[in-house]
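Could you walk me through how to read the inside of a protein model? I would like the general idea each time, and then the case at hand.

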Amino acid sequence: MALIGRLFVILFAFLAACLVAGMIVVGAVLFPEFSDLGAGPVDQGALNVMLGFGFIFISGFALLPAMLVALITEAFYVRGALTYAVGGGLVGLACYLGLVPFDTDTFRFEGIVRRHLEIMTGAGIVAGMVYWLIAGRNAGAWREPPRPVRPPPPLPSHSPSPPAS
């Protein structure tokens with residue numbers, strides 16, 4: 001039963017991390033538009049649609065690598081925050097490099113935009129930290145048996161007896 005509850009916690013943490021990463025990616029990509037003061041106010045409906053697409057984009061591309069990181073950390077009881085930050089950065093890097101064409105003749109990625117690479121890697125690091133805050137701090141705890149409940153200490157001998165129920 002603890003495993004089923006843990007799976008729900010992992011799923012919730014993954015979705016929360018994807019939402020935060022999507023917000024970072026959309027905000028960073030749209031930042032040049034936000035910095036132009038002459039553009040006027042930003043349409044809230046369009047921003048909500050962009051955040052929704054950012055969430056779907058991040059969660060779709062990051063599902064497999066993120067679940068691999070979650071599986072490894074759960075299997076080996078890894079609970080360090082730095083591990084999740086590095087893992088999130090690697091997942092963000094993998095998501096970006098999965099979109100860039102790879103030339104098999106020269107074994108190089110063609111058309112890497114450094115700013116976009118930094119945005120995706122940074123969003124992955126923040127997403128890894130969000131995942132750690134929700135689920136990573138207790139990685140592997142579902143396999144540990146619950147601690148036995150200690151009985152309360154005995155009452156002193158001169159204390160009144162408890163009322164009968």
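The dialogue below takes up the core, one buried serine, a cavity and a pocket.

Q: Where should I start when I look at the inside of a model like this?

A: Happy to help! Keep in mind that this model is predicted. A good place to start is the nonpolar core: in soluble globular proteins, nonpolar side chains tend to be buried together. Here the largest nonpolar core has 26 residues, and Val 25, Ile 58, Met 120 and Tyr 131 touch the most other members. Two or more residues come from each of α1 (2–29), α3 (44–75), α4 (81–97) and α5 (114–134).

Q: Which element gives the most to this core?

A: That is α1, with eight residues.

Q: What does Val 25 touch, leaving out residues up to four places away in sequence?

A: Val 25 is in contact with Ile 58, Ile 119, Met 120 and Ala 123. Ile 58 and Met 120 also appear with Val 25 among the core residues that touch the most other members.

Q: Now a single residue: is Ser 59 buried or exposed?

A: For this you compare the relative accessible area with a cut-off. Ser 59 has a relative accessible area of 16%, so it counts as buried, the limit being under 20%. Its place is in helix α3. A polar atom of the Ser 59 side chain lies 2.9 Å from the backbone oxygen of Phe 55. Setting aside residues up to four places away in sequence, Ser 59 touches Phe 14 and Cys 18.

Q: How do I look for empty space, and how many cavities of 30 Å³ or more are found here?

A: Rolling a probe the size of a water molecule over the atoms shows where empty space is left. In this case, a search of the whole structure finds one cavity of 30 Å³ or more. The largest cavity holds about 280 Å³ of space.

Q: What lines the largest cavity?

A: Its lining has 22 residues, and Ala 66, Gly 88, Val 91, Ala 127 and Gly 128 lie nearest its centre. At least two lining residues come from each of α1, α3, α4 and α5. By class, 17 are nonpolar, five are polar and none is charged.

Q: And what is the volume of the largest pocket?

A: About 170 Å³. When you read a pocket, check which elements supply its lining and what classes of residue are there. α3 gives the most to this lining, with five residues, and α1 also supplies at least two. The lining has eight nonpolar, no polar and three charged residues. Among the lining residues are Arg 6, Glu 74, Trp 142 and Arg 143.

Technical notes. Residues numbered from 1 in each chain as written. Predicted model: local features only at pLDDT ≥ 70, side-chain atom pairs only at ≥ 80, totals over all residues. Heavy atoms only, no water. Core = buried A, V, L, I, M, F, W, Y, C linked by side-chain atoms within 4.5 Å. Buried < 20%, exposed > 50% of the residue type's maximum accessible area, 1.4 Å probe, protein only. Helix = DSSP H or I, 4+ residues; strand = E, 2+ residues; numbered from the N terminus. Contact = heavy atoms within 4.5 Å. 1 Å grid on protein atoms, 1.4 Å probe; cavity = no way out; pocket = protein on both sides within 12 Å on 5 of 7 lines; lining within 4 Å. Points joined across faces, edges and corners; volume = space filled by probe spheres on them. Nonpolar A, V, L, I, M, F, W, Y, C, P; charged D, E, K, R; others polar. Polar contact = N/O pair within 3.5 Å; in protein donor to acceptor, adjacent residues only side chain to side chain.
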